[in-house]
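Reader: I am new to this structure and would love a close look at one part of it. Please start with a single loop and then lead me outward from there.

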Number of protein chains: 4
Amino acid sequence: MDMQALLDDIAEAVAPKLGEGRVADYIPGLGRVDAEQFGIAVAMADGGVYGSGDWRRPFSIQSISKVFSLALVLSSGGVRIWQRVFREPSGTPFNSLVQLEHENGIPRNPFINAGALVVTDQLQTMTGDAGGAVRDFLRRESENPTIGVNQTVADSEAAHGHRNSAMAHMLASYDNLDNPVETVLEHYFSHCAMEMSCQDLALAGRFLSRNGVGASGRQLLTPSQNKRINAVMLTCGTYDAAGEFAYRVGLPGKSGVGGGIIAVVPGRCTICVWSPALSLSGNSLAGVAALDEFTTRTGWSVF
Amino acid sequence: MDMQALLDDIAEAVAPKLGEGRVADYIPGLGRVDAEQFGIAVAMADGGVYGSGDWRRPFSIQSISKVFSLALVLSSGGVRIWQRVFREPSGTPFNSLVQLEHENGIPRNPFINAGALVVTDQLQTMTGDAGGAVRDFLRRESENPTIGVNQTVADSEAAHGHRNSAMAHMLASYDNLDNPVETVLEHYFSHCAMEMSCQDLALAGRFLSRNGVGASGRQLLTPSQNKRINAVMLTCGTYDAAGEFAYRVGLPGKSGVGGGIIAVVPGRCTICVWSPALSLSGNSLAGVAALDEFTTRTGWSVF
Amino acid sequence: MDMQALLDDIAEAVAPKLGEGRVADYIPGLGRVDAEQFGIAVAMADGGVYGSGDWRRPFSIQSISKVFSLALVLSSGGVRIWQRVFREPSGTPFNSLVQLEHENGIPRNPFINAGALVVTDQLQTMTGDAGGAVRDFLRRESENPTIGVNQTVADSEAAHGHRNSAMAHMLASYDNLDNPVETVLEHYFSHCAMEMSCQDLALAGRFLSRNGVGASGRQLLTPSQNKRINAVMLTCGTYDAAGEFAYRVGLPGKSGVGGGIIAVVPGRCTICVWSPALSLSGNSLAGVAALDEFTTRTGWSVF
Amino acid sequence: MDMQALLDDIAEAVAPKLGEGRVADYIPGLGRVDAEQFGIAVAMADGGVYGSGDWRRPFSIQSISKVFSLALVLSSGGVRIWQRVFREPSGTPFNSLVQLEHENGIPRNPFINAGALVVTDQLQTMTGDAGGAVRDFLRRESENPTIGVNQTVADSEAAHGHRNSAMAHMLASYDNLDNPVETVLEHYFSHCAMEMSCQDLALAGRFLSRNGVGASGRQLLTPSQNKRINAVMLTCGTYDAAGEFAYRVGLPGKSGVGGGIIAVVPGRCTICVWSPALSLSGNSLAGVAALDEFTTRTGWSVF
């Protein structure tokens with residue numbers, strides 16, 4: 001397979017869709033981005049990275065960071081996390097407080113905001129600096145030491161983050177936060193506001209496609225832990241469109257409102273696509289189309 | 001791999017769990033079964049069937065029939081079904097009317113009862129005999145012409161099926177049934193009350209592990225349709241424990257309250273386990289444990 | 001106070017509103033009525049009836065019948081009813097199945113459809129003919145022996161009543177119906193399809209304004225029972241607009257989708273207004289306006 | 001009627017119930033109170049106060065303050081409040097976030113916590129010191145200049161008030177707060193932490209029983225505004241037991257978790273009862289029993 005030609009083809013195929021959908025603009029920092037950008041990168045499990053379009057341009061990774069904070073917690077032996085968060089699809093919009101209230105403060109899964117706040121809290125307890133731990137992990141795995149937080153975006157999230165504050169206070173009211181609400185929110189907003197390119201993210205997530213083996217050849221996660229993160233991504237990684245994503249794309253994936261999506265072909269590669277305009281379900285419209293095309297053309301699907 | 005030895009090992013490994021959990025007893029016909037039975041069968045994609053324990057003893061397939069009615073509708077070109085039912089996880093107990101009411105009569109997915117009623121309705125419109133169509137399909141694919149409905153169970157479901165009747169009337173109130181409520185319920189209860197063994201079900205579902213190619217070598221579903229059914233099974237196949245099942249077992253699967261579960265290893269095999277006692281989530285307790293053991297031992301997982 | 005002049009004034013005052021809103025048309029029988037009709041009648045507690053507009057023209061009483069079936073059950077010693085139905089406002093649209101499911105088959109109050117089905121069921125058990133019992137009660141209290149059921153409307157409700165059928169099956173699934181679903185629905189549709197005029201209803205409900213004393217001077221309900229029915233009317237009588245009705249009108253009241261509303265001024269009178277076009281909350285738009293005017297002009301309010 | 005003898009009788013009648021139920025202990029300040037206390041006071045509309053038991057002992061008024069903050073907003077022309085809060089019963093526990101989310105940040109009524117936060121916010125905008133405005137109003141109407149806030153309780157609420165913080169952030173996320181979240185919470189906790197006796201509260205709420213005329217003879221509210229506050233109290237004043245309270249007691253009432261309840265007999269008197277132990281619905285158990293006895297014995301009910 002000529003991967004480079006394939007990615008160029010896909011970039012061309014989705015070009016007519018660019019700009020459809022809507023760029024997230026709930027905070028000023030995110031809304032200012034050009035909607036018609038598109039990038040795709042593929043990091044092969046056995047080495048080699050391919051890319052097309054704006055594949056080296058950094059963007060706000062947002063919820064994609066949730067995969068890495070979860071991986072860090074699990075790799076450090078934090079199995080207690082599964083007493084604090086379920087791993088079931090939520091069935092409702094990603095920022096819903098309803099389920100939290102119905103289920104006594106235990107979030108549905110680690111990829112909805114409430115669940116990611118709990119993961120961040122545990123990482124904070126384990127490391128004393130959850131935001132820094134995620135940043136260092138991402139730098140190491142992507143082998144890019146320049147990756148960092150866009151502080152304007154982080155501050156903007158904090159200033160407009162009433163919904164996340166409400167969620168954190170709800171978790172605290174159920175005794176499901178160990179650290180102060182403000183600390184957890186600060187570190188959460190920090191790792192969501194990291195800026196990375198498709199290349200960076202494909203490399204950073206490459207361990208997911210090779211049974212947990214990281215950039216340095218070190219086993220970051222056991223094969224079993226690694227499979228389980230992929231399972232959670234497949235069932236819960238794309239907000240309340242996880243069923244649709246599994247149906248169309250057929251790969252574990254995690255999206256962010258910045259327009260990025262990473263997806264994993266176990267044993268083969270990790271893919272990252274990016275295009276800022278989102279569908280109603282909050283996932284990159286052109287990004288999902290590109291992944292659909294990718295799996296159709298390669299036949300690579302977990303099913 | 002010595003498949004026979006593996007299945008015998010698994011049967012032994014789960015033996016201590018038999019009888020834990022609770023046999024479904026909402027209708028007399030189901031409750032009378034001996035809780036400590038266990039069977040497992042594996043139909044290899046390239047031929048050959050293996051089994052251990054009570055693998056040839058028929059049981060009530062219940063919701064497992066929903067996979068086959070969906071496959072029949074899709075294989076007959078019934079794509080309109082996706083305008084009548086979503087394919088998202090439900091996030092709530094399998095018989096919930098709440099989501100139906102919140103979402104204007106469109107069931108969350110084809111594997112919750114409301115969704116399966118809609119699928120049965122469409123199959124009825126397409127064939128004039130939905131129950132018979134499912135039965136004939138199962139006989140053909142399992143190559144067992146003696147498979148049939150346990151009419152006592154079917155009648156008992158009808159007599160005690162107020163919840164399903166409520167659901168069917170709700171669908172009708174949203175104009176999401178083409179046939180009379182009574183007709184749809186009759187055919188639905190009929191295909192749920194089929195009795196089959198683990199061997200029968202592993203063979204009947206073998207096409208799911210070989211890109212849609214059926215017993216006779218005929219392409220029942222396109223590879224793409226087949227992958228998509230597997231995707232729906234993985235995200236929605238085990239009631240509101242689909243996330244947990246993906247996490248522990250890592251395979252597309254569909255369970256029934258009779259205690260059976262089928263699971264698919266794409267490209268390799270279809271598995272059927274059976275043990276009547278259920279966990280709180282409504283899935284066979286020993287059955288899930290056996291599948292967990294199977295994927296741990298073989299390393300076969302879609303992730 | 002010149003009651004006749006007051007009623008004529010009110011009829012004139014609401015005239016500009018006639019036709020605003022929307023006539024219920026979920027069944028053919030109801031939709032065919034002229035939207036611009038209006039009637040008001042007042043039956044004084046100490047005798048005398050006044051009326052204006054179309055006050056002697058019969059209309060479909062619909063949910064107003066729920067007051068009388070409840071009164072009949074309570075007057076016959078059926079206090080067990082309060083173990084089968086709560087008396088709290090529902091907080092959601094009147095035909096919601098959600099609360100029924102969340103609260104184990106106990107309807108929120110006797111005036112939502114689910115609750116009225118339970119009341120009808122109990123009346124059926126007590127009398128053997130719930131529909132006939134309500135009809136006889138209404139004839140006796142209004143002293144109008146010609147009152148009867150519009151069978152076309154009753155049949156039409158049955159034919160289009162999937163939502164009510166769903167509700168009845170749900171109640172049965174929670175063992176909260178003693179009689180067969182079909183029997184309960186038939187008698188429920190029957191008493192809802194009674195046709196009465198404003199005069200008939202004001203007279204039939206006069207006992208509510210005089211501590212339970214009926215047309216013949218007989219004590220139908222104890223004063224305490226009577227007050228309690230008024231309390232349930234005030235908190236639950238106008239679907240999910242009960243708070244708004246209490247705020248604007250300040251009287252116990254019960255509305256029906258046929259456009260009628262009865263309201264009670266304890267110790268003084270029972271009022272019935274009618275105009276077919278409904279507001280979004282399902283209450284007669286001109287009817288509520290007329291009652292608002294009535295309480296403003298008379299100063300008669302329970303507060 | 002010998003009111004003094006009646007109140008003494010009631011105090012005696014409820015004595016066996018004292019200590020049943022459970023004292024609110026979600027904050028240390030509230031939990032420390034002796035459960036077996038009971039007081040009752042009646043302020044006659046035409047002058048005169050009667051009391052029995054611990055009727056002059058101050059307690060934490062908690063949610064009863066919501067009546068006075070609402071009255072203050074309405075008396076100052078703040079009708080805009082009805083665009084920011086509904087006046088329908090909530091149908092769910094008093095601190096629920098669910099309805100807030102389903103209904104776009106408009107609380108169900110001014111007496112649930114979310115609604116009272118909005119009222120406090122508006123009063124803050126109108127006066128610059130919402131807590132002080134409520135305090136001054138209560139001092140003036142009760143003619144007791146020593147009434148004040150228990151700052152330990154107020155601080156304790158703030159320290160443990162994650163649920164209220166979550167609610168305030170939710171309101172802010174829907175742009176339904178004008179002032180900073182922290183300011184609104186501080187003033188809200190302040191007026192809830194006022195300490196008053198049954199006598200103080202009966203006097204402070206006397207205007208509700210005399211068409212809005214306050215202690216000095218000044219018209220605090222128009223008769224129409226006054227009736228409407230009573231209507232909201234009747235439909236929404238006792239959490240999700242408003243229907244039950246209307247049924248048993250038959251008066252507009254407002255309770256607090258400190259164990260106090262005020263109730264209004266329009267044209268006659270305002271009553272305040274207090275006993276710290278609460279029923280499951282969050283209302284004073286002995287307090288409701290005392291009011292039930294009071295209305296049974298006097299025959300005073302709005303129905």
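**A loop and its surroundings**

Author: Let's start at D:Asn104, which is exposed: 9 other C-beta atoms lie within 10 Å of its own. That count earns the label because a residue with 12 or fewer such neighbours is called exposed. Please keep in mind that this is a predicted model. You will find D:Asn104 in the loop between α5 (98-102) and α6 (113-127) of chain D. Its backbone deserves a look too, since phi is near 55°, a positive value in a residue other than glycine.

Chain D has another loop residue to set beside it. D:Tyr239 also has a phi near 55°, positive although the residue is not glycine. Its loop runs between α12 (223-236) and α13 (242-248) of chain D. Here, however, the surroundings are crowded enough that D:Tyr239 counts as buried, with 21 C-beta neighbours inside 10 Å.

From these loops we can step out to the place where chain D meets chain A. Each of the two chains brings 12 residues to this contact. On the side of chain A, α5 (98-102) and α9 (162-173) each supply at least two residues. The largest share, eight residues, belongs to α9(A). Sorted by class, that side of chain A holds five nonpolar, five polar and two charged residues.

How do the two chains relate in space? A turn of 180°, with a shift of 0.0 Å along the axis, lays chain A on chain D with an RMSD of 0.0 Å. The two copies are therefore related as by a two-fold rotation axis. Of the residues of chain A, A:Ala166 comes closest to that axis, its C-alpha being at 1.9 Å. Both copies use the same surface, as 100% of the contact residues of chain A recur in chain D.

For a last stop, turn to chain C and its open sheet of five strands, ordered β3-β2-β9-β8-β7 with antiparallel pairing. At the edges sit β3 (49-53) and β7 (253-255) of chain C, each pairing on one side only. On average, neighbouring strands of this sheet are turned by 10° against each other, direction ignored. Five bridges join β2 (residues 39-44) of chain C to β3(C) in the antiparallel sense. Within β3(C), C:Tyr50 is the bridge partner of C:Val42. Helix α14 (residues 285-298) of chain C packs on the sheet and touches β2, β7, β8 (260-265) and β9 (269-274) of that chain, its direction making about 145° with that of β9(C).

Conventions. Residues numbered from 1 in each chain as written. Chains lettered and ligands numbered in written order. Predicted model: local features only at pLDDT ≥ 70, side-chain atom pairs only at ≥ 80, totals over all residues. Contact = placed C-beta atoms within 7 Å. Helix = DSSP H or I, 4+ residues; strand = E, 2+ residues; numbered from the N terminus. Nonpolar A, V, L, I, M, F, W, Y, C, P; charged D, E, K, R; others polar. Least-squares fit on C-alpha atoms with pLDDT ≥ 70 in both. Pairing = 2+ DSSP bridges. Axes fitted to C-alpha atoms, helices over the stretch in contact; angles between N-to-C directions. Buried ≥ 20, exposed ≤ 12 C-beta atoms within 10 Å, placed from the backbone.
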